[in-house]
Amino acid sequence: MHISGTMDLNLYLQRIGITEMKSDFSTPSLSALRKLHRHHVLSIPFESLSIHIGEKIILDTLWIYQKIVLRKRGGFCLENNGLFLWVLQELGYQPLVLSGKVREPVTGMYGPPFDHIILTVELDCRRWLCDVGFGEGIMDPIPLEAGWEEEQDNGMFRLRVEEEEWYMEVKEDNDQWRSLYKFTLEERRFEDFREMCNFHQTSPKAFFVCKSLCSQLLPHGRLTYIGRRLISTEYTKGGKRVKTTKELSEEEIPDLLREKFGIVLSKTFVPKDEVYIPTPDGK
């Protein structure tokens with residue numbers, strides 16, 4: 001498929017609430033990276049709505065840019081981190097691409113290779129992990145260092161290493177650590193994720209196919225629409241979470257998506273919240 005158009009970095013910056021591209025972004029720096037990362041996750045939703053309006057998700061940077069920046073949508077990990085990859089490249093960061101496997105909370109099983117895309121950049125003699133495409137992930141970049149532990153505005157996170165596998169973990173309310181995903185440091189290419197991009201939007205064993213989802217990180221909380229529910233999460237000190245759930249009628253959902261997430265869908269939307277039972281390695 002041929003996709004025509006151009007990409008404007010300034011329009012991306014406006015999309016994430018940065019109105020002036022001045023000296024802050026003239027050269028790569030940790031402060032600029034933090035600003036970009038935080039603004040992205042606070043402005044662009046993590047969502048699977050395309051799948052539930054019959055819109056094919058294309059692993060193409062221009063297509064993703066047009067969807068997220070021009071059409072004011074969000075996306076799942078390959079879209080959000082794929083767009084962020086382009087942004088970092090444009091600004092001279094020389095990002096590397098890594099492959100992750102997402103852990104399913106109920107079964108504890110991990111997905112297949114290329115299940116999740118992660119980025120790293122090297123700055124100030126340290127390597128930094130960036131991830132703007134995980135629903136309950138980090139708000140700010142974190143050092144790629146074994147045992148690193150950090151409280152951010154949306155929770156307590158740490159990196160743990162076993163042999164050659166790295167684990168991104170979040171602290172639960174019971175003070176136990178829960179793995180979000182695992183990854184290795186083997187460098188990948190964005191194109192390597194094409195098969196899993198198709199799996200995530202077509203397989204009945206894919207989470208995004210089973211759930212119509214839209215989630216937006218807030219400065220001290222998260223708002224998540226899923227199926228016919230709206231879940232509000234408040235983050236408190238120490239990584240604690242307070243959740244409230246509101247049931248929705250099907251008629252309320254389009255207005256909610258527009259008012260709470262800034263999303264207007266162009267096609268008929270079918271809400272979905274089916275039981276999700278993954279199999280090992282997503283097969």
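How many bridges join strand β8 to strand β9, and in which direction do the two run? Select residues 165-171, which form β8, together with residues 177-183, which form β9, and you will find six bridges between these antiparallel strands. Strands here (E, at least two residues) and helices (H or I, at least four) are DSSP runs, numbered from the N terminus. Within this pair, lysine 171 stands opposite tryptophan 177 of β9.

Before going on, note that this is a predicted model, in which local features need pLDDT of at least 70 and side-chain atom pairs count only at pLDDT 80 or more, while totals for chains, interfaces and linings use all residues. Residues are numbered from 1 along each chain as its sequence is written, and side-chain values use heavy atoms, with hydrogens and water left out.

Next, widen the selection to the open sheet of eight strands, whose order is β5-β4-β3-β2-β9-β8-β7-β6 with antiparallel pairing; two strands pair if DSSP finds at least two bridges between them. Residues 142-143 (β5) and 149-152 (β6) stand at the edges, and because each has a single partner strand, one side of each is left without a neighbour in the sheet.

Now add residues 30-43, helix α2, which lies across β3 (116-123) and β4 (126-130) and runs at about 10° to β4. Then select residues 77-90, helix α4, which packs on the sheet and touches β2 (96-102), β3 and β4, its direction making about 25° with that of β3. Such angles run from 0 to 180 degrees between N-to-C directions, the axes being lines fitted to C-alpha atoms, for helices over the stretch in contact.

Zoom in on threonine 120, whose place is in strand β3. Threonine 120 is buried, with a relative accessible area of 1%, where buried means under 20%, exposed over 50% and partly exposed in between, for a 1.4 Å probe and protein chains only. Leaving aside neighbours within four places in sequence, the residues in contact with threonine 120 (heavy atoms within 4.5 Å) include Leu96, Leu98, Trp128 and Leu144. Its side chain also makes a polar contact of 3.0 Å with that of arginine 127; this term means a pair of N or O atoms within 3.5 Å, where within protein one must be able to donate a hydrogen and the other to accept it, and residues adjacent in sequence count only if both atoms are side-chain atoms.

Finally, show the whole protein, which has seven helices and 13 strands, and whose C-alpha trace spans about 50 × 45 × 35 Å along its principal axes.
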